[in-house]
Amino acid sequence: MGIVSPSQESYALAAKKLRDGGIVCFSTETVYGVGCDTFSELAIAKVYKLKNRPTNNPMIAHILDVSWTNLLCSGWSNKCSLLATRFWPGPLTIVLPKKESVPESACGGFDTIAMRCPSHPVARALLAEFDNPISAPSANKSGHISPTTARHVEDEFGDAITIIDGGPCEKGIESTVISMVNQPTIMRLGSVSVEKIRNTIGAVEIKSSVTQQNSPGTLMRHYAPNTKTNLLNKEEMDKTSDPDCVAIAIQGNPVLTKRVFQMPSNAQEYAKVLYSTLREADNAGVSRIVIERPCTAPVWLAVIDRLERCCSD
Ligand code: TXA
Ligand code: MG
């Protein structure tokens, strides 16, 4: 089917596909997702296969509103309500113990489930039409750059798959994942800042993405172009002289590169264009991409996390 425009007809067809154990890609406010019925082990297996995703990397179940958490988890607390009231619909994912009825394969074999209520009208219309939770990882091959347009998804998976086109994603990087199983713990930095979460529920721990075992998607090289990619400070960027390289710069000004992508100096604006810029840089036909390291102010944390992992070997 390939890329389709959002319409009642495309939602109905997509929901039917999901009911028949199929896969549908759709836009969310963060990145595009590749979705399947959370309760269909057959469909879940198809998503893992399509993405070439390690089966121990759990998926996020997308829900239309907070009442749907009753289908999926136990242990909903007052703090969860505070988070949901403040951030849902939106780019926050909450992890809690899963209900027995949820297939283990939807959760990478974990006994917990990640849930997110997206705000994007396409994701919401599809959920409303399907009327059941949709498990959806980012719609890219495992480890590759996440997609922020329908075209990116088609570049990943080809045109045999249905992709509902909701335009370029507003946030550009993934949701923040917070575990509320014990003490509130951020498992993945993302679009909702740590500061906003602390202002809502108080103390929150942050798991180092390098050491944690409980959120495998944050362990490996990720968000990565095929081209070798290095993170440089501004001084190193200023000294770069290599025609076989492209630069992704904020303030730095390389001596010589094939091309310089000038990035926004505002963290949110930077996040919005990061993945599409990485894809463009990857297609530039050079043997190296150099990226200028942003400053360490808290608003840049999620972006720096993505850059460090996209540059790790
Ligand atoms: O913004 C997003 O979250 C996007 C859109 C499509 O909603 N989805 C997304 O999914 O980024 P994915 O599969 O690419 O990343 C899911 C992350 C992984 O880091 C995974 O390890 C973590 O969520 N995760 C999922 N279930 C978990 C669980 N039960 N416990 C801990 N971490 C979990
Ligand atoms: Mg992903």
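**Exercise 1.** In this predicted model, state what kind of contact joins the side chains of Glu174 and Arg306, and place it within the domain interface.

*Solution.* Step 1: The side chains of Glu174 and Arg306 form a salt bridge, with an N to O distance of 2.9 Å. The cut-off for a salt bridge is 4 Å, and 2.9 Å satisfies it.

Step 2: The domain assignment gives domain 1 as 2-206 and domain 2 as 228-310. Glu174 therefore falls in domain 1 and Arg306 in domain 2.

Step 3: The rule finds 2 salt bridges across the interface of domain 1 and domain 2. Residue pairs in polar contact between the two domains number 6, with both residues at pLDDT 80 or more.

Step 4: On the side of domain 1 that touches domain 2, helix H6 (residues 150-157) gives the most, with 3 residues. That side divides into 6 nonpolar, 8 polar and 6 charged residues.

**Exercise 2.** Describe the extent of the interface between domain 1 and domain 2, and find which three residues of domain 1 supply the most buried area.

*Solution.* Step 1: The C-alpha centres of the two domains are 28 Å apart.

Step 2: Contacts link 20 residues of domain 1 with 13 residues of domain 2.

Step 3: Interface size is often expressed as the accessible area lost when the parts come together. Here the buried area is about 1300 Å², and carbon and sulfur atoms give 60% of this.

Step 4: Of the area that domain 1 buries against domain 2, Ile145, Ile173 and Leu189 supply 44%, more than any other three residues.

**Exercise 3.** Decide whether His144 is buried or exposed, and list its contacts.

*Solution.* Step 1: His144 sits in the loop between strand S7 (134-135) and H6.

Step 2: His144 counts as buried because its relative accessibility is 16%, and the cut-off is under 20%.

Step 3: Apart from neighbours within four places in sequence, His144 contacts Glu156, Tyr223, Ala224, Pro225, Asn226, Arg279 and Asp282. With Glu156 there is a side-chain polar contact of 2.4 Å.

**Exercise 4.** Carry out the corresponding analysis for His62.

*Solution.* Step 1: His62 belongs to strand S4 (residues 60-62).

Step 2: Its relative accessibility is 4%, so His62 counts as buried.

Step 3: Beyond four places in sequence, His62 touches Arg116, Pro118, Leu127, Pro133, Ile134 and Ala136.

Step 4: The His62 side chain also reaches the backbone oxygen of Ile60, at 3.2 Å.

Step 5: From His62 to Asn140 the separation is 78 residues in sequence and 17 Å in space, C-alpha to C-alpha.

Technical notes
Residues numbered from 1 in each chain as written. Chains lettered and ligands numbered in written order. Predicted model: local features only at pLDDT ≥ 70, side-chain atom pairs only at ≥ 80, totals over all residues. Heavy atoms only, no water. Contact = heavy atoms within 4.5 Å. Buried area = accessible area lost by both parts, 1.4 Å probe. Polar contact = N/O pair within 3.5 Å; in protein donor to acceptor, adjacent residues only side chain to side chain. Helix = DSSP H or I, 4+ residues; strand = E, 2+ residues; numbered from the N terminus. Nonpolar A, V, L, I, M, F, W, Y, C, P; charged D, E, K, R; others polar. Buried < 20%, exposed > 50% of the residue type's maximum accessible area, 1.4 Å probe, protein only.
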